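Q: Please take one part of this model and walk me through it slowly. I'd like the geometry, with the cut-offs spelled out as you go.

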Amino acid sequence: MKAIVFDGTENKLVDGVTVRGPGPGEVQVRIVASGLCQSDLSVVNGKIPFPSPVILGHEGAGIVEAVGPGVTMPAVGDHVVLTTLATCGQCAPCTSGHPTMCRESFGKTATPFELDGTPIHNFAALSTFSERIVVQAGQAISIPKDIPLTTACLIGCAVLTGVGAVLNRARVSPGDSVVVIGAGGIGLNVIQAARVAGAATIIAVDTNPEKEPKTSLFGATHFINAMAGDTVAAVREVIAGGAAHVFDCVGGEAITSQAMEMLDWGGQLIMLGVAGPETKLSVPASTFYMDRSVLGCRYGSSRPGADIPKYLDLYRSGRLLLDELVTKTYELEDFESLLDDARNGRLDRGVLLMQS
Ligand SMILES: NC(=O)c1ccc[n+]([C@@H]2O[C@H](COP(=O)([O-])OP(=O)(O)OC[C@H]3O[C@@H](n4cnc5c(N)ncnc54)[C@H](O)[C@@H]3O)[C@@H](O)[C@H]2O)c1
Ligand SMILES: [Zn+2]
Ligand SMILES: [Zn+2]
């Protein structure tokens with residue numbers, strides 16, 4: 001089968017990759033569509049250290065082709081959204097509704113793929129830039145068959161992360177003020193979830209002024225061009241006291257410091273952007289005296305089995321825009337142009353069509 005293999009230097013489309021069959025509790029999925037997230041690019045540019053060779057991609061949707069012993073759901077033929085949460089299902093976080101905190105669900109790598117006898121790592125317990133993958137049954141969430149898989153794939157990371165950060169982690173309330181720094185795949189979902197939660201003011205901040213119309217379509221009430229002067233002052237011109245919630249969807253010391261300065265008393269910074277492992281933050285300790293706080297947020301603090309059906313209901317009723325997240329689709333052979341468009345800020349989300 002075909003897959004995009006990253007050898008530590010470049011991504012190559014290769015034919016002849018194999019994947020092992022599904023063991024007990026696992027399913028084999030034929031990937032139909034996969035989004036490209038900034039976290040995949042971060043492996044390529046070295047910001048996220050990862051062993052190679054590896055097949056990247058962690059935002060996928062497809063069709064179940066085979067199930068291993070003991071699997072009762074999903075069933076062969078089901079359309080599924082894939083999630084990165086390869087959990088144990090039995091620990092305290094798993095059984096109390098916090099699967100993103102399961103120790104089994106993060107930082108484990110495996111080599112279910114092979115090319116000419118060389119084992120290939122999976123990424124984020126998935127590897128959706130492959131025509132087929134093997135995952136835990138619980139990572140494949142069945143969805144209705146009328147939902148386009150080219151749209152559904154984005155639920156696997158951008159939607160779960162962005163919408164979950166607002167509804168599960170920050171718990172934005174009606175009338176709240178929200179700032180979203182970075183209006184890419186994650187940021188647009190934060191914006192629209194803030195609209196769904198009833199936020200009164202939603203300020204989108206981005207270095208790319210061409211993002212403005214999209215942010216407004218998704219629910220932003222204001223747009224600030226981060227290249228056009230003092231962003232903190234511009235935010236405080238709109239909300240004098242500062243914001244109740246600031247979502248950092250970029251990452252890095254400078255952005256996080258700016259984000260802290262945008263907070264109102266009692267406000268909270270939700271960190272979604274992933275900075276390099278060496279990045280340190282420097283914040284005046286007095287910031288916290290007035291009840292400000294910083295919240296980390298992995299994968300929207302999601303519970304995919306519960307959240308995905310809820311988000312699909314919001315999509316069907318027109319309140320979550322999912323089709324509109326897809327700027328462009330690409331054939332497997334055009335992976336390099338997908339990378340190029342993503343790096344040059346031309347995409348909200350680009351989606352790779354895995355079956356040519
Ligand atoms: N916490 C999590 O679980 C999680 C999950 C997925 C992605 N992420 C991280 O979230 C971040 C965003 O991912 P994405 O896929 O949305 O990226 P993206 O490339 O789609 O979007 C990034 C956006 O930020 C804008 N931007 C860049 N620098 C900026 C700056 N200095 N000020 C304002 N805007 C700026 C870009 O123009 C772009 O619109 C990445 O760091 C990614 O690794 C985290
Ligand atoms: Zn991602
Ligand atoms: Zn667990």
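A: Let's start with the vocabulary: two strands count as paired if DSSP finds at least two bridges between them. The strands themselves (E, at least two residues) and the helices (H or I, at least four) are DSSP runs, numbered from the N terminus. Keep in mind that this is a predicted model, where local features need pLDDT of at least 70, side-chain atom pairs count only at pLDDT 80 or more, and totals for chains, interfaces and linings use all residues. Residues are numbered from 1 along each chain as its sequence is written, chains are lettered from A and ligands numbered from 1 in the order in which they are written, and side-chain values use heavy atoms, leaving out hydrogens and water.

Now the sheet. It is open, has 6 strands with parallel pairing, and reads β14-β13-β12-β15-β16-β17 across. β14 (222-225) and β17 (293-296) sit at the edges with a single partner strand each, so one side of each has no neighbour in the sheet. From one strand to the next, the twist averages 20 degrees; axes here are lines fitted to C-alpha atoms, for helices over the stretch in contact, with angles from 0 to 180 degrees between N-to-C directions.

Zoom in on the β14 edge: β13 (residues 201-206) runs parallel to β14, joined by 4 bridges. Here alanine 204 stands opposite phenylalanine 223 in β14.

A helix packs on this sheet too: α4 (residues 158-170) touches β15 (243-248), β16 (263-271) and β17, contact meaning heavy atoms within 4.5 Å. The direction of α4 makes about 135 degrees with that of β15.
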